Amino acid sequence: MGASADVKAALAVLGLGVVPVSRDDLARRVAARHPASRPWSALHTAAYRKLWEALEPADTAIPPMAA
């Protein structure tokens, strides 16, 4: 995924320095930086959604191994 201006802005809002490699990676990184006990603003939610939609689901990011 190329880091467009929207993606860079979303990373900045969420306090992330690099583009996560997958949706699972995004979830882990955000969980480590943002405690679940603190509600998000609409800006945080929109930033997360932007990154989520730009990333491939974890199960399709790595091709299956041949048997």
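With which residue does Asp6 form a salt bridge, and how far apart are the closest N and O atoms? In this predicted model, the partner of Asp6 is Lys50, and the closest N and O atoms of the pair are 3.7 Å apart. Asp6 belongs to helix α1 (residues 5-14) and Lys50 to helix α3 (residues 42-54), so the salt bridge ties together parts that are 44 residues apart in sequence. Both side chains belong to partly exposed residues, Asp6 having a relative accessible area of 47% and Lys50 one of 33%.

The two helices joined by this pair also pack against each other, their axes coming within 9 Å and crossing at roughly 130°, an arrangement that makes α1 oblique to α3. The crossing of α1 past α3 is left-handed. On the side of α1, the contact is made by Asp6, Val7, Ala10, Leu11, Val13 and Leu14, while α3 contributes Leu43, His44, Ala47, Tyr48, Lys50, Leu51 and Ala54. Sorted by class, the residues in the contact of α1 with α3 comprise 10 nonpolar, one polar and two charged.

In total, two salt bridges are counted in the model. Besides the pair formed by Asp6 and Lys50, a salt bridge is found between the side chains of Arg29 and Asp25, with an N to O distance of 3.0 Å. Arg29 and Asp25 are both located in helix α2 (residues 23-33), where a spacing of four residues separates them by about one helical turn. Arg29 is partly exposed, with a relative accessible area of 32%, whereas Asp25, at 10% relative accessibility, counts as buried.

Technical notes. Residues numbered from 1 in each chain as written. Predicted model: local features only at pLDDT ≥ 70, side-chain atom pairs only at ≥ 80, totals over all residues. Heavy atoms only, no water. Salt bridge = Lys/Arg side-chain N within 4 Å of Asp/Glu carboxyl O. Buried < 20%, exposed > 50% of the residue type's maximum accessible area, 1.4 Å probe, protein only. Axes fitted to C-alpha atoms, helices over the stretch in contact; angles between N-to-C directions. Parallel < 35°, antiparallel > 145°, perpendicular 65-115°, else oblique. Left-handed = near helix turned anticlockwise from the far one by under 90°. Contact = heavy atoms within 4.5 Å. Nonpolar A, V, L, I, M, F, W, Y, C, P; charged D, E, K, R; others polar.
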